[in-house]
Amino acid sequence: VDEQLYQYQKAVDVQVGTLATALNRITQKVDALDELEKQMGTFKIETDAFLLQEILDMRGRLMDLKAKGRTPRPNRQLGAWRTTEVTPYSKVWDVQLVAMSRVRLISQQEKDLLERASEMVDAYAQEVDRFFENDWLAFIQRLEKVDMDWLKGLK
């Protein structure tokens, strides 16, 4: 029983790591955009509305992508907050709860739960990869046309 529970927990940990990596990649890019916008204000850089709008649009798209993996809390949260939306994060959390509370052999239903969570996490990680390979790269190429030294920190 202990060996089976250990293997199950290891499989859950792999999914947690995969999801965390995808979400952290997005957070790093959002932080870089925030820093870029801050530098634009600090140095009073004269730019056309194009650059600022590009940054704001990309931040919004990154936040939307992050929301697909982990539903964000409402901006004006009052009191307790809970959602029933199914995301890769919620599925992994469900599997983690099972893994933490088991003292008997893992059932087929729990194995299926882990498999569905794994599929959702893998699909989300692939979506994040595609976003950075296509949309983020195109965004960087558009910004490079501005040719400012401080943009190099975004890559």
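A residue counts as buried when its relative accessible area is under 20%. By that yardstick Phe 139 is about as clear a case as one could ask for, since its relative accessible area is 0% and so falls under the 20% limit. The model looked at here is a predicted one, and Phe 139 makes a handy way in, as it turns up again in the core and among the aromatic rings.

Start with the core. The largest nonpolar core has 23 residues, and Phe 139 is among the members that touch the most others, along with Ile 26, Leu 62, Tyr 124 and Trp 136. Three helices each give two or more residues to this core: α1 (2-42), α2 (49-69) and α4 (108-144). Helix α4 chips in the largest share, with nine residues. There is also a second core, separate from that one and made of 10 residues, including Tyr 8, Val 98, Ile 106 and Leu 114. As background, nonpolar side chains tend to be buried together in soluble globular proteins.

Next come the aromatic rings, which form three pairs in this structure. Phe 132 and Trp 136 have ring centres 6.1 Å apart and planes at 75°; an angle over 60 degrees counts as edge-to-face, so that is what this pair is. These two residues sit four apart in helix α4, about one turn of the helix, and both are buried. Trp 136 also pairs with Phe 139, this time in a tilted arrangement, with 5.2 Å from centre to centre and 45° between the planes. Here the spacing is three residues along α4, again about one helical turn. Trp 136 has a relative accessibility of 5%, so it counts as buried. Put together, the ring pairs tie Phe 131, Phe 132, Trp 136 and Phe 139 into a cluster.

On to the charged side chains, where the count comes to seven salt bridges. One of them joins Arg 59 and Asp 34, at 2.7 Å from N to O. This bridge links distant parts of the chain, as Arg 59 belongs to helix α2 and Asp 34 to helix α1, 25 residues apart. Arg 59 is buried, at 18% relative accessibility, whereas Asp 34 is partly exposed at 33%. Another bridge brings Glu 127 together with Lys 68, at 2.8 Å from N to O. Helix α4 holds Glu 127 and helix α2 holds Lys 68, and the two are 59 residues apart. Both ends are partly exposed, with relative accessible areas of 25% for Glu 127 and 48% for Lys 68. In a further bridge, Glu 110 and Arg 102 have their closest N and O atoms 3.2 Å apart. Glu 110 is buried at 12% relative accessibility, while Arg 102 is partly exposed at 23%. Shared partners also join Asp 34, Glu 37 and Arg 59 into one salt-bridge network.

Finally, the surface. Tyr 89, Trp 93, Leu 97 and Met 100 make a nonpolar patch of about 410 Å². Trp 93 belongs to helix α3, which covers residues 88-101. With a relative accessible area of 41%, Trp 93 is partly exposed. Tyr 89, another member of the patch, has Arg 70 lying over the face of its ring, 4.2 Å from the ring centre.

Technical notes
Residues numbered from 1 in each chain as written. Predicted model: local features only at pLDDT ≥ 70, side-chain atom pairs only at ≥ 80, totals over all residues. Heavy atoms only, no water. Core = buried A, V, L, I, M, F, W, Y, C linked by side-chain atoms within 4.5 Å. Buried < 20%, exposed > 50% of the residue type's maximum accessible area, 1.4 Å probe, protein only. Patch = residues over 30% accessible without salt bridge, like charges linked within 9 Å, V, L, I, M, F, W, Y side chains within 5 Å. Areas by Shrake-Rupley, 256 points an atom, 1.4 Å probe, with all protein chains shown as cover. Salt bridge = Lys/Arg side-chain N within 4 Å of Asp/Glu carboxyl O. Phe/Tyr/Trp six-rings, centres within 6.5 Å; stacked < 30°, edge-to-face > 60°. Lys NZ or Arg CZ within 6 Å of the ring centre and 35° of its normal.
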